[in-house]
Amino acid sequence: MSHTATTRTHGSQRTLKPHSPILSGRPPQRSPGLSMGSQGQATTTDTGGRTKAATAHFVFVPLMAQGHLIPAVDTALLLATHGAVCTIAGTPATAARVRPTVDSARLTGLQVRLVEFPLDYAEAGLPEGADNMDNVPPECMKNYFEAVALLSGPIERYLRANGPYPTCVVSDFIHPWTTVLAANLGVPRLSFFSMCAFCLLCQHNVERFGAYDGVSDDNEPVVVPGLEKRFVVTRAQAPGFFRESAAWKDFADYIERARAEADGVVMNTFEEMEPEYVAGYAAARKMKVWTVGPVSLYHHRCGAGTTLAARGNAATIDADECLRWLDGKEPGSVVYVSFGSIARAEGKQAVELGLGLEASEHPFIWVLRNAHEYDEATRASLDELEARVAGRGLLVRGWAPQVMILSHAAVGGFVTHCGWNSTMEAVAAGLPVVTWPHFTDQFLNEKMAVEVLGIGVSVGVTEPLMYRAAEKEIVVGRSVVEDAVRSLMGGGEEAEERRRRARALAVKARAAMQESGSSHRNLVDLVDRFKAAS
């Protein structure tokens, strides 16, 4: 079941300005009525000053983008399994993506609800229906963030009218306006990150210690300061969140202030995978970090095969068809290729990638999310490739049930853009990866996979392929693709060692989510800590 809260702002149509108050505002101080008890529990008081018992009620405000949305929803479901009430706020198109998953959880008795809050497109200067990151034109992105920030009032009114009263707001770190929401409700606010502690700590240290000061070339390497192990990055690879352009400076500063003033951090990772970086980030931020991942394992825990196939956008291939194809392959023989929900291969790159996969001689599933955007020559080339590799290669034009595929015994490796969800899903499945980063945090995630965990083979991309200041063609050739896949899937000692490390990580990941595991303990602690004291 979903609820709908509608808001309209009257007045003439306007175009929101880059330096408007919502994009650059300073978070307000928290309003009275909430305190943190001696054990860190949230307590509310009635008009007589008496404390009141209440269920832990987490309000999730995810970023309306698939890579942020899915782990936020999975985290809400995990908290609900421990007795919390969870409300997930989103725009209609966003809610539609996760409604099957939420409805399935509700049928099992979990107290989770999905609430829709429509945007006012005319007031925001947005095209009709542009209510999530996938369908907002780039030139309208500032207007979009402004429009989403205006949902603070409607969300607050809904929460006041529909009990139980919230005890904590868990918002994506790119929603700094939720400081206003939490302050008005008088409850704590936690920042949610669908990324790893290593990435966050590297980025934090680069900014905190001014590593780029005096560096004029965006591709000049610098050493990440403040870490025991040596890692090298460039400004192009790790510019900071919304720091790629001066036009976003006010918004980036607002995000940073909101992050610094949060009451804690919730993160889709697990302590055993990166203990020094989890501790390092908590110390750098001087706040509690709850690691709760891999959150995708919620679906394995429930034995929910249908849910595994339904997370996020609807798949364009039938799950049963996909399983039948995989069942016909030898264990560990198939390489899965996907660049996630935002990154995409341009036409020339798609052709080279396909030819490299063909030359590798390994069975493969290749997800081409933007295949419909290619020109006629590229589409014809892909059709010819598909005919040549029939039976050995499966091309999925659109979306695929990724977690289900990665969990299949026939899959032995993953060619990935290094989005953190994909990286964590590979870790949970015990798979080594070919790393092919496209932008921002993906370069640090690549370092995590290759240099920290030792489960990755890089294709050698060193500059962003998207969100560049200037257009530049960067194409990974077919021979590089072939060599990377053969290295990943080969039988040599180095390849076997990567597989061994990946399998060992999967064991640790599952243990973290089981009773007494680190992520399980953190989930229980969250529910206990943000349950209003009696």
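This is a short talk on the aromatic contacts, unusual backbone spots and cavities of one protein chain.

The model is predicted, so local features need pLDDT of at least 70 and side-chain atom pairs count only at pLDDT 80 or more, while totals for chains, interfaces and linings use all residues. Residues are numbered from 1 along each chain as its sequence is written, and side-chain values use heavy atoms, with hydrogens and water left out.

I start with the whole chain. It has 21 helices and 18 strands. These are DSSP runs, numbered from the N terminus: helices are H or I with at least four residues, and strands are E with at least two. Of the 534 residues, 59% are buried. Buried means under 20% relative accessible area, exposed means over 50%, and partly exposed is in between, with a 1.4 Å probe and protein chains only. Now contacts, meaning heavy atoms within 4.5 Å. Among those in the chain with a separation of 6 or more, 73% are between residues 24 or more positions apart.

Next, the rings. The whole structure holds 17 aromatic pairs. Rings of Phe, Tyr and Trp (its six-membered ring) pair if their centres lie within 6.5 Å; planes under 30 degrees apart are stacked, over 60 edge-to-face, and the rest tilted. One of the pairs is F145 with F251, which is tilted, at 5.1 Å centre to centre and 40° between the planes. What does this pair tie together? F145 is in helix 5 (residues 141-149) and F251 is in helix 9 (residues 249-260), so the pair ties together parts that are 106 residues apart in sequence. F145 counts as buried because its relative accessibility is 4%. F251 also counts as buried, at 4% relative accessibility.

F251 has another partner. With W248 it forms a tilted pair, 5.8 Å centre to centre and 55° between the planes. W248 is buried too. Ring pairs join Y144, F145, F242, W248 and F251 into a cluster.

W248 also has a charge over its ring: the charged end of K142 sits there, 4.0 Å from the ring centre. Sitting over a ring requires NZ of Lys or CZ of Arg within 6 Å of the ring centre and within 35 degrees of the ring normal. Elsewhere, the charged end of K329 sits over the ring of W325, 4.0 Å from its centre.

F242, from the cluster, brings us to the backbone. Its phi is near 65°, a positive value in a residue other than glycine. F242 lies in the loop between strand 10 (232-233) and helix 9, and is buried, with a relative accessible area of 17%. T440 also has a positive phi, near 35°, and lies in the loop between strand 17 (433-435) and helix 18 (441-452).

Where are the cis peptide bonds to P164 and P294? One runs from G163 to P164, with omega near 0°, and P164 is in the loop between helix 6 (152-161) and strand 7 (168-172). Another runs from G293 to P294, again with omega near 0°; P294 lies in the loop between strand 12 (289-291) and helix 11 (297-301).

Last, empty space. Rolling a probe the size of a water molecule over the atoms shows where such space is left. On a 1 Å grid over the protein atoms alone, a cavity is a set of points where a 1.4 Å probe fits but cannot get out; lining residues have an atom within 4 Å of a point. Points are joined across faces, edges and corners, and volume is the space filled by probe spheres set on them. There are six cavities of 30 Å³ or more, and the largest has a volume of about 80 Å³. It is lined by 13 residues, and the closest to its centre are F339, V367, L368, R369 and N370.

Terms used
1 Å grid on protein atoms, 1.4 Å probe; cavity = no way out; pocket = protein on both sides within 12 Å on 5 of 7 lines; lining within 4 Å.
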